[in-house]
Amino acid sequence: MEKGIRVIVSGGGTGGHIFPAVSIANAVRRLRPDAKILFIGAKGRMEMQRVPAAGYDIKGLPIRGFFRPLWKPANIGVALDYLRSKWLAKKILKEFKPDVAVGVGGYASSAALGAANSLGIPTLIQEQNSYAGLANKQLAAKAQKICVAYEGMERFFPKEKIMLTGNPVRQSLLETTISREDAVRSLGFDPSKKTILLVGGSLGARTINESVLQHLDLVVSSGVQFLWQTGKYYYANIQQQLKGRDLPNLQATDFIADMGVAYRAADLVISRAGASSISEFCLIGKPVILVPSPNVAEDHQTKNALALANRDAAIYVKDSEAPGTLLSLAVKTVNDESKLKSLSENVLKMALPNSAEIIAKEVIKLSEK
């Protein structure tokens, strides 16, 4: 019988890092049920709840991001926390004795994989974006394998280590078998009408929310149905602003638990341009208008969006222009059958299926070296 392999998975901070991390862990477990998997995350970040909910143990590090500008006095504490995190990560690795460590980006992965490198443990990094993140760029020199979702990543990483795998996505989205009509009905909408889904990522998106609030008259007159995930942070305030308005074709909710049903019901999606979301649109062939967040490192969401828009696989709207133009553009697009069809066909061409399993096989290979 094979000796059980031991795997560290590290990274997080946003759903965009956590979904791929959990997907890779699930795929390793499917291929090697004997695998022991431990996550390392950042204390106080989303992964500390999401990872245990997915059935995995996680250890938290006191690591956090530096304040801008870098000369701020508060960064002394951040630097000390980073050093403590590296020391703690090394301690965790010595106790767990992993055969391989996997990093998906985010604060924790820089400390965890840095510690793995210093202990001679093989490492694999997975980069979700078309513009590499800082943690992964720093870890690339010592990584054995670098799994990417976009072509042209040799401008960030050593070419001989790169493997084009795509981004692992939530398995539940690919397993949703409900028809569009039943999905629309389950939301309390009319299947004979067009439906637009608005999502701002796991935390919500102020610009997308403003784009709706400034054009409620168009929502009513459009004849289109809107399912709107506002994000928990904005929900109470939006409920206040909608009070007393008769909006039978608009449903606002803080969080959509079953995105598989929501995607199936939608004829068109409006979304931020996070890497995980884009990978999901590619795999399910969903027409989408992308409004990249301007508040991310290296403006990587704009680069993600343009990678699709340049192939007519998505429509790109600049964040600063969205409040004025987004909703009318969405209503026009959702009623244009030929545009929806071409967007769907082109985005499907960019899909890279079975990503989690392909990456998991590489993880297992490294663990056995």
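## Close-up views of a predicted model

**View 1. Strand β4 and its two partners.** 3 bridges link β4 to strand β5 (residues 123–127), and the two strands run parallel. This is a predicted model, and β4 makes a friendly place to begin. Across from Ala101, in β5, is Thr123. β4 also pairs with β1, again in parallel, through 4 bridges. Here Val9 sits opposite Val102 of β4. What covers the faces of strand β4, and which residues lie on each side? Strand β4 (residues 100–103) is covered on both faces: Val100 and Val102 point to one side, Ala101 and Gly103 to the other, and all of them are buried.

**View 2. The seven-stranded sheet.** Step back from β4 and the sheet around it comes into view: 7 strands, in the order β3-β2-β1-β4-β5-β6-β7, form an open sheet with parallel pairing. Its edges are β3 (57–61) and β7 (162–164), each of which pairs on one side only. On average, neighbouring strands of this sheet are turned by 20° against each other, direction ignored. At the β7 edge, strand β6 (residues 145–148) runs parallel to β7 and is joined to it by 3 bridges. One pair to look for is Ile146 with its bridge partner in β7, Ile162.

**View 3. Helix α3 on the seven-stranded sheet.** Helix α3 (residues 75–96) packs on this sheet, where it touches β1 (6–10), β2 (36–42) and β3. How does the direction of α3 compare with that of β2? The two directions make an angle of about 170°. Follow the chain onward to Lys97, which is placed in the loop between α3 and β4. Lys97 is not a glycine, yet its phi is positive, at about 55°. Is the residue buried or exposed? With a relative accessible area of 58%, Lys97 is above the 50% cut-off, so it counts as exposed.

**View 4. The six-stranded sheet.** A second open sheet is built from 6 strands in the order β10-β9-β8-β11-β12-β13, and its pairing is parallel. β10 (250–253) and β13 are the edge strands, each pairing on one side only. At the β10 edge, strand β9 (residues 225–229) pairs with β10 in the parallel sense over 4 bridges. Among the residues to pick out there, Gln229 stands opposite Thr253 of β10. Helix α8 (residues 206–213) packs on the sheet and touches β8 (195–199), β9 and β11 (268–271). The direction of α8 makes about 145° with that of β9.

**View 5. Ile315 in edge strand β13.** At the other edge of the six-stranded sheet, strand β13 holds Ile315. Its relative accessible area is 13%, under the 20% cut-off, so Ile315 is buried. Which residues does Ile315 contact once its neighbours within four places in sequence are left aside? They are Val288, Ile289, Leu290, Leu329, Thr333, Lys339 and Leu343. For a sense of scale, Ile315 and Ala330 lie 15 residues apart in sequence, with 9.6 Å between their C-alpha atoms.

**View 6. Helix α13 and the loop after it.** In helix α13 (residues 300–309), the buried residues are His300, Gln301, Thr302, Asn304, Ala305 and Leu308. An α-helix has 3.6 residues a turn, so residues three or four places apart point the same way. The buried residues of α13 pack against α12 (275–284), β12 (288–290), β13 (315–316) and α15 (337–349). In the loop between α13 and β13 you will find Asp312. Asp312 has a positive phi of about 55°, although it is not a glycine. Its relative accessible area of 30% falls between the 20% and 50% cut-offs, so Asp312 is partly exposed.

**View 7. The second largest pocket.** This pocket holds about 340 Å³ of space. It is lined by 18 residues, and those closest to its centre are Ala149, Tyr150, Glu151, Met350 and Leu352. Two elements, α12 and α13, give two or more residues to the lining. Which element gives the most? That is α12, with 4 residues. By residue type, the lining divides into 11 nonpolar, 4 polar and 3 charged.

Key: Residues numbered from 1 in each chain as written. Predicted model: local features only at pLDDT ≥ 70, side-chain atom pairs only at ≥ 80, totals over all residues. Heavy atoms only, no water. Pairing = 2+ DSSP bridges. Axes fitted to C-alpha atoms, helices over the stretch in contact; angles between N-to-C directions. Contact = heavy atoms within 4.5 Å. Buried < 20%, exposed > 50% of the residue type's maximum accessible area, 1.4 Å probe, protein only. 1 Å grid on protein atoms, 1.4 Å probe; cavity = no way out; pocket = protein on both sides within 12 Å on 5 of 7 lines; lining within 4 Å. Points joined across faces, edges and corners; volume = space filled by probe spheres on them. Nonpolar A, V, L, I, M, F, W, Y, C, P; charged D, E, K, R; others polar.
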